[in-house]
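Me: I would like to go through this model by question and answer. Please keep each reply short and end on what was asked for.

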Amino acid sequence: MFLRLTDEQKMAQKAIRKFVEKELMPLENEVLRNEREGRPSLSPEKVKELQLKAKEAGFWGINTPSEYGGADLGNLMMAIVIMEVSKTFVPFQFGGSADNILYYANEQQKKKYLIPTINGEKKSCFAMTEPSAGSDTRNIKMTAVKDGDEWVLNGEKTFITGGNEADFVMVIAITDKERHKATSGRDGVTCFIVDRDMGWRSEPIHTMGHSTPASLVFENVRVPEENILGELHEGYKLGLEWIGYARWVVGARAVGAAERLLQMAIDYSKERITFGKPIAERQAIQWMIADAATEIEAAKWLVLNAAFTLDQGEDNRHLASMAKLFGANMGNRVVDRVMQIHGGMGYTKDMPIERWYRDARLWRIYDGTDEIQRMIIARNLLKGHVKLGQFL
Ligand SMILES: Cc1cc2nc3c(=O)[nH]c(=O)nc-3n(C[C@H](O)[C@H](O)[C@H](O)COP(=O)(O)OP(=O)(O)OC[C@H]3O[C@@H](n4cnc5c(N)ncnc54)[C@H](O)[C@@H]3O)c2cc1C
């Protein structure tokens, strides 16, 4: 059980915070300017330079196992890193890591896909969602049919993060129609690693925020048998594992962003004078600050508990759903209050609040909507999979 970070964790948190404050936050105005003028948020050279600096500072493969050259600090530390780095909107990710499900790769696949991904030489994406299957992931239509030593993939995936840039995709397709039907979609699907040069195409999808996912089209894409990730017909479990990890990560992002936004609101409220007094002296403003701070703290505990539970090798999916549901909604409420406290200034593109406001809306949608998280949490309790008070 943890109630405070260890000295080692505190030191790592401090070092990451320093990196974010020294290297990333000073770039915020440049990012806003670049985006206003239609340029990429950061130049590729700048991203490379930042990654190198991060690597030199030891921020590499935070939760990547040491056998792959990572720091192996675990998920709790990863949650802390994500919270710190989410205090800025400068789009930057520490390198040296790979999607959790890529560790199911066999030795040959590890050499070809996992190691180059960890080393930053290859980019991946994960594709489950289809036009007919978002929340209802069991309704996928994409098929893979065996032909000699190869599988032939046909279908369309949509809203795939990183799909425009990825060198390969981990994609879920039906491999046994009968089994798929008989198990209501839980079985009979397989995860394939598919290189872009095997023939899939991507098209960007423009959104109201800064995420530009892709739709992926597969037309008779031939994939060798050796590119099956994990077990044949059992890819659905990999899909759930991928999403399960992504969920508490969304909560962590929301906590980091909300903490920074609230600090901006606190600072602004002390400077902004109306009717002869700083607005910080008005109870209406103080209550918004108090509610935001309380919710941030609550969300932080949910996220840390979800990450900690995973580090203990326990099933954290219930907590991950709660961390995502509460974190995402908390983030949306906080950014709204922070905009309110800033008045007209908060609504302008001279400040990053409206940017965060648009991006925060996505937190309630991807990796399982609010409604789906509520469905999971209620089902776990009603069916007795999870007992109240089980985790703390
Ligand atoms: C920017 C972005 C990035 C994404 N990245 C990825 C990715 O990398 N890989 C990937 O595979 N997918 C990705 N997704 C897909 C994402 O996970 C889905 O959009 C999400 O799960 C919702 O599915 P949907 O959009 O089809 O909505 P739908 O499932 O059509 O839902 C529509 C509405 O109905 C509600 N609803 C649905 N079923 C129920 C129910 N049973 N009870 C009550 N309400 C219900 C939903 O909550 C929602 O409000 C991404 C999406 C976005 C927007």
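Me: Which residue is the bridge partner of Phe192 in β8?
Reply: This is a predicted model. Strand β5 (residues 189-195) and strand β8 (residues 228-229) pair in the antiparallel sense over two bridges. In β8, Phe192 has as its bridge partner Ile228.

Me: Over how many bridges do β4 and β5 pair?
Reply: Phe168 stands opposite Asp195 in β5, and the bridge partner of Ala173 in β5 is Thr190. Strand β4 (residues 168-174) and β5 run in the antiparallel sense. The number of bridges over which β4 and β5 pair is seven.

Me: In which sense do β1 and β4 pair, parallel or antiparallel?
Reply: Cys125 of strand β1 (residues 124-127) stands opposite Val169 in β4. Four bridges join β1 and β4. The sense of the pairing between β1 and β4 is parallel.

Me: Is β5 enclosed or exposed, and why?
Reply: Val189, Cys191, Ile193 and Asp195 point one way from β5, Thr190, Phe192 and Val194 point the other way, and all are buried. That makes seven of the seven residues of β5 buried, so this strand is largely enclosed by the rest of the structure.

Me: How many residues of β4 are buried?
Reply: On one side of β4, Phe168, Met170, Ile172 and Ile174 are buried. On the other side Val169, Val171 and Ala173 are buried, and both faces are covered. The strand is mostly covered, and the count of buried residues in β4 is seven of seven.

Me: Which residues of β1 point the other way from Ser124 and Phe126?
Reply: Ser124 and Phe126 point one way from β1, and both are buried. The residues pointing the other way are buried as well: Cys125 and Ala127.

Me: Is Glu150 buried or partly exposed?
Reply: Glu150 is found in strand β3 (residues 150-160). Leaving aside neighbours within four places in sequence, Glu150 is in contact with Val145, Arg222, Val223, Pro224 and Glu225. Its relative accessibility is 28%, whereas buried requires under 20%. Glu150 therefore counts as partly exposed.

Me: What distance separates the C-alpha atoms of Glu150 and Val194?
Reply: Val194 belongs to β5 and is buried. Along the chain, Glu150 and Val194 are 44 residues apart. Their C-alpha atoms are separated by 12 Å.

Me: Which helix gives the most to the largest nonpolar core?
Reply: The largest nonpolar core has 68 residues, and those with the most contacts inside it include Leu24, Phe92, Trp248 and Ile353. Helices that each supply at least two residues of this core include α1 (7-24), α7 (235-271), α8 (283-311) and α9 (317-342). With 13 residues, the helix that gives the most to this core is α7.

Me: From which domains does this core draw at least three residues each?
Reply: The domain assignment of the chain gives domain 1 (7-97), domain 2 (120-233) and domain 3 (242-382). The largest nonpolar core has 68 residues. The domains from which this core draws at least three residues each are domain 1 and domain 3.

Me: How many residues of domain 3 are in contact with domain 1?
Reply: Taken over C-alpha atoms, 20 Å separate the centres of domain 1 and domain 3. The contact involves 20 residues of domain 1. In domain 3, the number of residues in contact with domain 1 is 23.

Me: Is Arg260 buried or exposed?
Reply: Arg260 is found in helix α7. Not counting residues up to four places away in sequence, Arg260 touches Met25, Glu28, Lys87, Thr88 and Trp356. Its relative accessibility is 17%, and the cut-off for buried is under 20%. Arg260 therefore counts as buried.

Me: What distance separates an oxygen atom of the ligand from an N or O atom in the side chain of Ser135?
Reply: Of the 20 residues around the ligand, those that come nearest are Thr129, Ser135, Phe159, Thr369 and Glu371. A backbone N or O atom of Phe159 lies 2.7 Å from a nitrogen atom of the ligand. For the side chain of Ser135 and an oxygen atom of the ligand, the distance is 2.6 Å.

Terms used
Residues numbered from 1 in each chain as written. Predicted model: local features only at pLDDT ≥ 70, side-chain atom pairs only at ≥ 80, totals over all residues. Heavy atoms only, no water. Core = buried A, V, L, I, M, F, W, Y, C linked by side-chain atoms within 4.5 Å. Buried < 20%, exposed > 50% of the residue type's maximum accessible area, 1.4 Å probe, protein only. Domains from an automatic or database assignment. Pairing = 2+ DSSP bridges. Near = heavy atom within 4 Å. Polar contact = N/O pair within 3.5 Å; in protein donor to acceptor, adjacent residues only side chain to side chain. Contact = heavy atoms within 4.5 Å.
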